[in-house]
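Work through the exercises below with the sequence and the model open. Each task is followed by a solution in steps.

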Number of protein chains: 4
Amino acid sequence: MRIFRTRDRVAFGDTDASGILHFAAPLRYLEVGEREAMRTLGVRVGDFRRGGYELPRVRLTCEYHHPLYYDDEIEVLTRCERIGRSSINWRFEIYRGSVVCVTAEMTVVLVDSVTRRPLPIPDEWRAHLLGEH
Amino acid sequence: MRIFRTRDRVAFGDTDASGILHFAAPLRYLEVGEREAMRTLGVRVGDFRRGGYELPRVRLTCEYHHPLYYDDEIEVLTRCERIGRSSINWRFEIYRGSVVCVTAEMTVVLVDSVTRRPLPIPDEWRAHLLGEH
Amino acid sequence: MRIFRTRDRVAFGDTDASGILHFAAPLRYLEVGEREAMRTLGVRVGDFRRGGYELPRVRLTCEYHHPLYYDDEIEVLTRCERIGRSSINWRFEIYRGSVVCVTAEMTVVLVDSVTRRPLPIPDEWRAHLLGEH
Amino acid sequence: MRIFRTRDRVAFGDTDASGILHFAAPLRYLEVGEREAMRTLGVRVGDFRRGGYELPRVRLTCEYHHPLYYDDEIEVLTRCERIGRSSINWRFEIYRGSVVCVTAEMTVVLVDSVTRRPLPIPDEWRAHLLGEH
């Protein structure tokens, strides 16, 4: 299983008045993790009018283990756990140093942008994302 | 079990370039649902420096059943499914008309704002939110 | 000059770790003000694929006079200050009670969704928004 | 006058259903530009409870010259145009390649986090940000 790594810092607008990262903000980091994992495959996620694949989200689970604060340096580990006929299961871990602060799972489905019907995941995606040979 | 209802419209900034509600945007609607459910109890969630209770989120699950579009009128049904010693399990359904577009569950924990230690949920919260007598 | 009024409460996700409304958050409230002003005209702003008019923003000025806090009740006063051949100048005031906390001006241009060329503002918009007879 | 450069890509959540960057999204990029400019001075902006300086925004002007699209690589040029007794005037340019898509100006004021009173800008900030010797 391949691990894809992205880095960022908690932006000020991602915090809330409790002084920590707002619970919706990690979703942005997950989406960047997915985008960069797919980019290593030469595939663009999102905005099909500009050549991206449509991978609507069908399920998200997020666990908040430790708070993240403004300006914290984070590393997002993205891995593909399973690929079904038309679906991809992603697993994310957001670290500050060695502390895992947020974990998440996201299921997306590959669809035809016009008909919205599920499409089979190409074999090369499977091989690349799962690190199979 | 009591049901709390809130209404809104999908804001333009909550959509994305795939033309539908961005997957992070419903979290705002859930948070408003929780806020208004708690308000019926005379309790304010968030920003303890201004008298609110701190109820950090520990777990979120979101399922996206049907896309929501800009300007769609939505109704959020919020109910409390279970109250543990220090935790509350919320269940949300986001409707457009009679179609349930997003369902979600969120677990929050009542903590002391200074020590961050879990606090017991007051009995009156339990009675009110679960609709027990 | 007509005044259009919309009401909301500051959402938790709109605050930041300084404890107040984040400086980007009022833009959402302005956009709702514009949307509801245009709705009184029977016109939908945004998402032309679903029948809305495209009114891209070309200029925004925002002045932050007083901080807004989580859960504050706000009222947004929206008025159209001037209509050019293809452009509309909006003026916004965001109040908490009798205190004006944010004022803003926004210039938008009516464009053809396909060619992106400016289109003349219809006369009925002018009459309605400026309150002329 | 010193120029500070930051780079990013347009995130999917920053776009809207018109297919382009939402008009509120560049504010995030400005804030990162300011943060990184201040970091070169050894100063942290935001969240005074964690050692940051409070620099509330008092005025923002944003001009949208060309649309930005999902996944566009952007470079933000940040420079300090003027420093008053307690205020800093920033000027930002957001480029995609050689095209300037958004320009902005932002005035912030240095305040005491407790009294909220304006504080004099330290001389070393002035020298560093304006590039004076």
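A polar contact is a pair of N or O atoms within 3.5 Å; within protein, one atom must be able to donate a hydrogen and the other to accept it, and residues adjacent in sequence count only if both atoms are side-chain atoms. The model is predicted.

**Exercise 1. Describe the interface of chain D and chain A.**

Step 1. Apply the rule for polar contacts: 10 residue pairs are found across the interface of chain D and chain A, with both residues at pLDDT 80 or more.

Step 2. Find the element involved. On the side of chain D that touches chain A, helix α1 (residues 26-39) of chain D gives the most, with 6 residues.

Step 3. Count the residues in contact: 23 of chain D and 23 of chain A.

Step 4. Turn to area. The two chains, D and A, bury about 2,100 Å² between them, and 40% of this is on carbon and sulfur atoms. Of the area that chain D buries against chain A, 29% comes from D:R28, D:R35 and D:Y70, more than from any other three residues.

Step 5. Look for salt bridges. The rule finds 8 across the interface of chain D and chain A. A:R28 forms a salt bridge with D:D14, and their closest N and O atoms are 2.8 Å apart.

**Exercise 2. Classify the ring pair A:F23 and A:Y64, and place both residues in chain A.**

Step 1. A search of the whole structure gives 16 aromatic pairs over all chains. In the pair A:F23 and A:Y64, the ring centres are 6.4 Å apart.

Step 2. The planes of A:F23 and A:Y64 stand at 50°, so the pair is tilted.

Step 3. A:F23 is in the loop between β1 (4-9) and α1 (26-39) of chain A, while A:Y64 is in strand β2 (residues 57-64) of chain A; the pair links distant parts of the chain, 41 residues apart.

Step 4. Buried means under 20% relative accessible area. A:F23, at 4%, is therefore buried, and A:Y64, at 13%, is buried too.

**Exercise 3. Repeat the analysis for C:F23 and C:Y64.**

Step 1. With ring centres 6.4 Å apart and planes at 50°, C:F23 and C:Y64 form a tilted pair.

Step 2. C:F23 belongs to the loop between β1 (4-9) and α1 (26-39) of chain C and C:Y64 to strand β2 (residues 57-64) of chain C, so the pair ties together parts 41 residues apart in sequence.

Step 3. C:F23 has 4% relative accessibility and counts as buried; C:Y64, at 15%, also counts as buried.

**Exercise 4. Which ring does the charged end of B:R50 sit over?**

Step 1. The charged end of B:R50 sits over the ring of C:Y69, at 3.4 Å from its centre.

Step 2. Now take C:R50: this residue lies over the face of B:Y69, 3.4 Å from the ring centre.

Definitions and conventions: Residues numbered from 1 in each chain as written. Chains lettered and ligands numbered in written order. Predicted model: local features only at pLDDT ≥ 70, side-chain atom pairs only at ≥ 80, totals over all residues. Heavy atoms only, no water. Phe/Tyr/Trp six-rings, centres within 6.5 Å; stacked < 30°, edge-to-face > 60°. Helix = DSSP H or I, 4+ residues; strand = E, 2+ residues; numbered from the N terminus. Buried < 20%, exposed > 50% of the residue type's maximum accessible area, 1.4 Å probe, protein only. Lys NZ or Arg CZ within 6 Å of the ring centre and 35° of its normal. Contact = heavy atoms within 4.5 Å. Buried area = accessible area lost by both parts, 1.4 Å probe. Salt bridge = Lys/Arg side-chain N within 4 Å of Asp/Glu carboxyl O.
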